[in-house]
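Visitor: I should like to take a close look at a single part of this structure and see how it sits within its surroundings. Please give one connected account.

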Amino acid sequence: MRERVANIGMGAVRAVSELGELTLLIGQIFRVLPRLHKTVRLTVVQMFEMGVGSLPLVVVTSFFTGGVAAVQAAYQFQSWIPDRFVGSVVGRSVLIELGPVLTGLVVGGRVGASIAAELGTMKVTEQIDALEALAIDSIRYLVLPRFVAGAIMIPVVTVFADALAIVGGWLAAVGSIGMTTQTFTSGLHLFFEMGDVWSGLIKSLVFGMIIATMGCYYGLQTEGGAEGVGKAATRAVVSSCLLILISDYILAEFLFSWIFA
Amino acid sequence: MSTGDVVISVRGVEKSFGDQHVLKGVDIDIMRGESLVIIGPSGCGKSVLLRHLIGLHHPDRGSIRINGSDIAKMKRSELYGVRKKFGMLFQNSALFDSLTVGENVTIGLQEHFKLSAEELRKTALMQLELVGMASAIDKKPSELSGGMRKRASLARALAMDPEIILYDEPTTGLDPITADVINVLIRSLQERFHATSITVTHDMVSAYKVADRIAMLHNGRIIYDGGVADVKSTDNEYVKQFIRGEAEGPIRTV
């Protein structure tokens, strides 16, 4: 019993300590932000890696997600709700929720693991110490480009994902449900609001920052050899996925109660 | 060689990692232009001490003064200013995998000075020629052997024209001939550039070859400090056991 209580206590201490370290890392990122101009080249490399590198995965995910949204909406509507509302459901659910969240989760898995593994390997092979020894701020050189690239590219990829999911929904509506293009697009227009697009993009901006920060945090915390790198990658992915889902709820409450109410 | 003034002064440095008390009060002065070798059994904290000198670790107690300034009390920007005076050769070379050898050598220059690509390449070639590696300028670190990686890392350490060079186990993992190439290189660079150098090693062949002075770290403290000839004739039981590589003696490793 005593041991259990001690373990719970240790776990709580560890959690608070991790939260403190994470807060420090975020503070350090904002400390070096004014020197972004010195890392433009590195940021562009990361943007390419995160954005272009993730596109194939995002294309497949969003295309089929849009299709599934259309088919399931039609199934649930049956004959009580007119078909044109399929377009409305696909449009709004994709722009507000499915586009940003699925892109965040899919890209978070790919990019978060890659960042954590790369920085983790650099940490255990003393490459990060070597940077510091050369008087190069490792937060500015390694973390800042990834953070900025994440914050820019996840929204950009989300725009592609939104567009492709709607195309996927339209193809499913026309090909599988038997709707006309005009019925689908009229539904799409019916409840369209620019606020939906903005709310999705604000969400994806936050998700991008979460993915990059968690990847960098666990990468820089890596200890040991290959096992440590593997654990860092896993923790980065799990934590960013959880944080994406939690922050999605908080953002939904905030955006739709206050900003776009 | 030594001009007599203290460039690094370490006083009462203590460091623990969890419940492991690694440094228990290290005191040592390092003179400008000298080559100091710190010896000691594996895991005794030699590398930890070396990393303290460049601010990669901060002492729990005590002070480390570089040219009179305590690095533990410096702001980050001041610490980076001090680090520019250092060059460090890491135990596993620590070359950046994503960069070519040439880019590795000039990364410090590229970050701190406004130099054209042509100037950077010229400097990289010059530094790599010093260590006999000019032909590897466009190679990736993964294409190099252990000895070549050490030499490339040495070229990187020298690129910013450092006043103080730190060598962390420079010959570990190398065959005796390659190890001697590194030793000769360290000695020749020392004579050529008159930089202060601090080497940590447990390789006595290397220690005798590169040292002006040898200090021994054991049980978290400097227990011996003397010239190369003194070390060879010392009565200190710990040093005698270590330099002879004997299992029997006051040092217990298991």
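To place that part in context, how many helices and strands does the secondary structure of chain B come to? Please then concentrate on the open sheet of chain B and on strand 8 within it.

Guide: The model is a predicted one. The secondary structure of chain B comprises 9 helices and 10 strands.

The open sheet contains 6 strands of chain B, in the order 6-7-8-3-9-10, and its pairing is mixed. Its edges are formed by strand 6 (86-89) and strand 10 (221-227) of chain B, each of which pairs on one side only. On average, neighbouring strands in this sheet are turned by 15° against each other, direction ignored.

Strand 8 of chain B stands between strand 7 and strand 3 in that order. On the one side, strand 7 of chain B runs parallel to strand 8 of chain B, and 5 bridges join the two. Within this pairing, B:Leu166 stands opposite B:Ile198 of strand 8. On the other side, strand 3 of chain B is also parallel to strand 8 of chain B and is joined to it by 5 bridges. Here B:Ser35 has B:Ser197 of strand 8 as its bridge partner.

The burial of strand 8 may be read residue by residue. With the cut-off for a buried residue set at under 20% relative accessible area, 6 of the 6 residues of strand 8 of chain B are buried, so this strand is largely enclosed by the rest of the structure. The cover extends to both of its faces: B:Thr196, B:Ile198 and B:Val200 are buried on one side, and B:Ser197, B:Thr199 and B:Thr201 are buried on the other. Thus B:Ile198, opposite B:Leu166, and B:Ser197, the bridge partner of B:Ser35, lie on opposite faces of the strand, both buried.

Further along the sheet, strand 7 (residues 164-168) of chain B is joined by 4 bridges to strand 6 of chain B, and these two strands run parallel. In this pairing, B:Gly87 has B:Ile165 of strand 7 as its bridge partner.

Helices lie across the sheet as well. Helix 1 (residues 46-53) of chain B lies across strand 3 (35-39), strand 6, strand 7, strand 8 (196-201) and strand 9 (213-218) of chain B, and runs at about 155° to strand 8 of chain B. Helix 5 (residues 146-158) of chain B lies across strand 6 and strand 7 of chain B, at about 170° to strand 6 of chain B.

The chain as a whole gives the setting. For 254 residues, a compact globule would have a radius of gyration near 18 Å, and chain B agrees because its value is 18 Å. Its C-alpha trace spans about 55 × 45 × 40 Å along the principal axes. Of the 254 residues in chain B, 56% are buried. Among contacts in chain B with a separation of 6 or more, 66% are between residues 24 or more positions apart.

Beyond the sheet, chain B meets chain A: 24 residues of chain B are in contact with 20 residues of chain A. The area buried between the two chains is about 1,800 Å², with 52% given by carbon and sulfur atoms. On the chain B side, B:Tyr80, B:Phe96 and B:Glu111 lose the most area to chain A, together 30% of what that side buries. The secondary structure of chain A, for its part, comes to 8 helices and 0 strands.

Definitions and conventions:
Residues numbered from 1 in each chain as written. Chains lettered and ligands numbered in written order. Predicted model: local features only at pLDDT ≥ 70, side-chain atom pairs only at ≥ 80, totals over all residues. Heavy atoms only, no water. Pairing = 2+ DSSP bridges. Axes fitted to C-alpha atoms, helices over the stretch in contact; angles between N-to-C directions. Contact = heavy atoms within 4.5 Å. Rg over C-alpha atoms; globule rule 2.2 N^0.38 Å. Buried < 20%, exposed > 50% of the residue type's maximum accessible area, 1.4 Å probe, protein only. Buried area = accessible area lost by both parts, 1.4 Å probe.
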